[in-house]
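Thanks for making the time. I will go through one model this morning, starting with strand pairing and ending with a pocket. Please have the structure open while I talk.

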Amino acid sequence: MRTFDVQSLEIDSPAGKVFEYIADPAHLPEWTGAFKSVTGRRAVLSTPDGTVAIDLEVHASRQRGTIDWAMTFPDGIVAKAFSRVVENASGKAIYCFVLLPPPVPLEKIEGALDQQSRILGEELGRLKRILESGPERRAESGRSNAPRRAAENE
């Protein structure tokens, strides 16, 4: 049984630009399917059982290129996601995302991780299209009305 998935892609955009976009939690609804809105440290997620409000912490380090999230659900369970942006020799960004299984009972993990892995692949494709399209197209394709908020930087 798989206990994690790692996906990466090259984005034809400078690593700094990619980092800034991903580290801003207000952008999550634009490229992910689960995040419906983000306001400050609160977010609304879409789940198979409806929507749920969560606490969202973003830990971003420009120096290391890391962007990690901690999502605390109403029952106290914390889900985590980890990612990194690096620049390759041609000046393009490489984005890597480590997917861990959702915080559900063990008997549900096997199918859940496979399903989330497929969804992540689709989301990363959307992220690539947004970041390679230019600012005017990003504004048109964005689904978030949340105010922009800078991520924490170390």
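Strand β2, residues 35–39, and strand β3, residues 42–47, pair in the antiparallel sense, with four bridges between them. Keep in mind that this is a predicted model. At the turn end of this pair, Thr39 stands opposite Arg42 in β3. The hairpin of β2 and β3 has two residues between the strands, and Gly40 takes a positive phi near 60° there.

Now the sheet as a whole. It is an open sheet of seven strands, in the order β1-β7-β6-β5-β4-β3-β2, with antiparallel pairing. Its edge strands are β1, residues 5–11, and β2, each of which pairs on one side only. Direction ignored, neighbouring strands of the sheet are turned by 25° against each other on average.

At the β1 edge, the partner is strand β7, residues 93–99, and the two pair in the antiparallel sense over seven bridges. One of the pairs to look for is Asp5, whose bridge partner in β7 is Leu99.

Next, β5 and what sits beside it. β4 and β5 run antiparallel and are joined by seven bridges. Glu57 has Ala70 in β5 as its bridge partner. The hairpin of β4 and β5 has four residues between the strands, and here Gly65 takes a positive phi near 80°. On the other pairing, β5 and β6 are also antiparallel, over seven bridges. Asp68 stands opposite Phe82 in β6. The hairpin that β5 and β6 form has five residues between them, and Gly76 in the turn has a positive phi of about 95°.

Is β5 enclosed or open to the outside? Six of its seven residues are buried, so β5 is largely enclosed by the rest of the structure.

A helix also packs on this sheet. Helix α1, residues 15–23, lies across β1, β4, β5, β6 and β7, and runs at about 165° to β6.

Which residues have the most contacts inside the largest nonpolar core? That core has 35 residues, and the ones in question are Ile22, Trp69 and Tyr95. Take Tyr95 as the example. Leaving aside neighbours within four places in sequence, Tyr95 is in contact with residues including Ile22, Trp69, Trp31, Leu124 and Leu127. Its contacts also include Gln7, Ser8, Leu9 and Ile11, and Ser83, Arg84 and Val85.

Last item, the pocket. The largest pocket holds about 1,200 Å³ of space. Its lining has 37 residues, and Ala34, Leu45, Phe73, Pro102 and Gln116 lie nearest its centre. At least two lining residues come from each of α2 (28–31), β3, β5, β6, β7 and α3 (106–133). Which element gives the most to the lining? That is α3, with seven residues.

Gln116 is worth a stop, as one of the residues nearest the pocket centre. Gln116 has its place in helix α3. Is Gln116 buried, exposed or partly exposed? Its relative accessible area is 30%; buried would need under 20% and exposed over 50%, so Gln116 counts as partly exposed.

Leaving aside neighbours within four places in sequence, Gln116 is in contact with Leu99, Leu100 and Pro102. Gln116 and Leu99 are 17 residues apart along the chain, and their C-alpha atoms are separated by 8.1 Å. Leu99 has come up before, as the bridge partner of Asp5, and Pro102 is another of the residues nearest the centre of the pocket.

Key
Residues are numbered from 1 along each chain as its sequence is written. This is a predicted model: local features need pLDDT of at least 70, side-chain atom pairs count only at pLDDT 80 or more; totals for chains, interfaces and linings use all residues. Side-chain values use heavy atoms; hydrogens and water are left out. Two strands pair if DSSP finds at least two bridges between them. Axes are lines fitted to C-alpha atoms, for helices over the stretch in contact, and angles run from 0 to 180 degrees between N-to-C directions. Contact means heavy atoms within 4.5 Å. A nonpolar core is a set of buried Ala, Val, Leu, Ile, Met, Phe, Trp, Tyr and Cys residues joined through side-chain atoms within 4.5 Å. Buried means under 20% relative accessible area, exposed over 50%, partly exposed in between (1.4 Å probe, protein chains only). On a 1 Å grid over the protein atoms alone, a cavity is a set of points where a 1.4 Å probe fits but cannot get out, and a pocket is an open set with protein on both sides within 12 Å along at least five of seven lines; lining residues have an atom within 4 Å of a point. Grid points are joined across faces, edges and corners, and a volume is the space filled by probe spheres set on the points.
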